[in-house]
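Q: Give me a close look at the largest cavity, please. Which residues line the largest cavity, and what is the helix H8 that contributes to it like?

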Amino acid sequence: MSSLVHNSVIAKPSLHKTLFATCIGNALEWFDIAVYGFFASYIAHAFFPTSDASVSLLLTFGSFGISFLIRPLGAVVLGNYADRHGRKKALLLSINLMMLGGAMITFMPGYASIGLAAPLLILLARLIQGFSAGGEFGSSTAFLVEHFPERKAFIASWQFATQGASTLMASAFGLGLTNILTEAQIQDWGWRIPFAFGLLIGPLGWYIRRHIHEPASFAGQEKHAAPLKALFGRQKSLILLAIGLMVISTAVNYMLNYIPTYATKTLHLPGSVAFSATLVAGIILTVVTPIMGLWAERLGRLPLMWGSLLLLIVTIYPAFKAMVNHTTPATLILLVGWMALLKSIYFSTVPSVMADIFPVTTRASGMAISYNVAVTVFGGFAPLICSMLINTTGSSLAPSYYLMAVALLSGLALFRSGKRVA
């Protein structure tokens, strides 16, 4: 056993290589998610055509949400696999599945060509991606913090900084395509371009992951024969705590994905304005999140988490109301930028806190399951819930109600987490 640990220590990769190997899969996952959300109206027309555009959009977001239902299953299967057989094997499997789902969406003929098979196969592609994404966060975050426990707040913050980078890239594609191509060209073939770009990331990520090594703390740990039994038997409260901490973070994230549709369909702003707003959000998330991770190492995680939560609860309704009453490109960008800033502060601390909640033997499974339950329930269906709330209430302020509600849930979990967040 000691020689195994010794070899793992010698083979420990550099900080930069470790970050790149783990975060590139996370970036690919979130890029595809963001692109699907940003180009939802075009995908609706291509694969879910109906006589009512609102119904088509709801079907598209429904398939977006349904694909998240399989994420907890992916979390259970791939998280258990990572805890029993290694983080590296799980990371390689998840990126292969991501590439398969991405390729299906990129090259799938539309409804006009193959009829009902088109939406069914798109749904299958989203289910494959959802399954693979289910195990990605737990395995990759565990891999990061176990390699560099002394820098856990900073290095784990990059998990979510890469989500910001993915939003940034997806927004750049949206902004570029709406300025370069006509509406008809985007609808015909242009929306496929960002999905094709995502496929180029996959092989590089697979190659890098193929040449990484297990963390010494995991390689030297006696593996639990039944991590899921331990998790659901003695650690159920830890799962609930981790879910609660995660819900506001994932809700804001998917609200940002919903912004292009919200801005064009509800606020009647041009698509270029909507993508400009999400581009700003992507820049903030990418730059601010790791800075907050560094700050958390000095100041502590608890002040950052409470500060961002309280600010969101107090300001999100007035911010939405001001934007709705004075709908301009500037007010939309300010609202989205404020949401992204608060998300960056809170988001930067969540991965390392979740890693601290679970022991090494069940860490990948525990993180994957709690993360994906939160994402499925409070994130994946956020665009659909907001669309339904707007249609039901007739109020453009409905998204702010949803965000305040989930912020209160995370506040309760943060209060119950105690010393773990210090």
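A: First, the classes: Ala, Val, Leu, Ile, Met, Phe, Trp, Tyr, Cys and Pro count as nonpolar, Asp, Glu, Lys and Arg as charged, and the others, Gly among them, as polar. Keep in mind that this is a predicted model.

Searching the whole structure turns up two cavities of 30 Å³ or more, and the one you want holds about 90 Å³ of space. Its wall is made of Leu28, Glu29, Asp32, Ile33, Ser67, Phe68, Arg71, Met98, Arg126, Gln129, Gly130 and Ala133. Helices H2 (15-38), H4 (53-69) and H8 (117-147) each give two or more residues to that lining. Sort the lining by class and you get five nonpolar, three polar and four charged residues. Leu28, Ile33, Phe68, Met98 and Ala133 are the nonpolar ones, while Glu29, Asp32, Arg71 and Arg126 carry the charged label. That leaves Ser67, Gln129 and Gly130 as polar.

Now for H8, whose share of the wall includes Arg126, Gln129, Gly130 and Ala133. An α-helix has 3.6 residues a turn, so residues three or four places apart point the same way. H8 is mostly covered, with 25 of its 31 residues buried. There's a kink of about 30° in H8, centred on Glu136. The end-to-end length still works out: at 1.5 Å a residue, the 31 residues of H8 should span 45 Å, and its end C-alpha atoms are 45 Å apart, so the two agree.

Technical notes. Residues are numbered from 1 along each chain as its sequence is written. This is a predicted model: local features need pLDDT of at least 70, side-chain atom pairs count only at pLDDT 80 or more; totals for chains, interfaces and linings use all residues. Side-chain values use heavy atoms; hydrogens and water are left out. On a 1 Å grid over the protein atoms alone, a cavity is a set of points where a 1.4 Å probe fits but cannot get out, and a pocket is an open set with protein on both sides within 12 Å along at least five of seven lines; lining residues have an atom within 4 Å of a point. Grid points are joined across faces, edges and corners, and a volume is the space filled by probe spheres set on the points. Helices (H or I, at least four residues) and strands (E, at least two) are DSSP runs, numbered from the N terminus. The expected span of a helix is 1.5 Å times one less than its number of residues. The bend at a residue is the angle between axes fitted to the seven residues ending there and the seven starting there. Buried means under 20% relative accessible area, exposed over 50%, partly exposed in between (1.4 Å probe, protein chains only).
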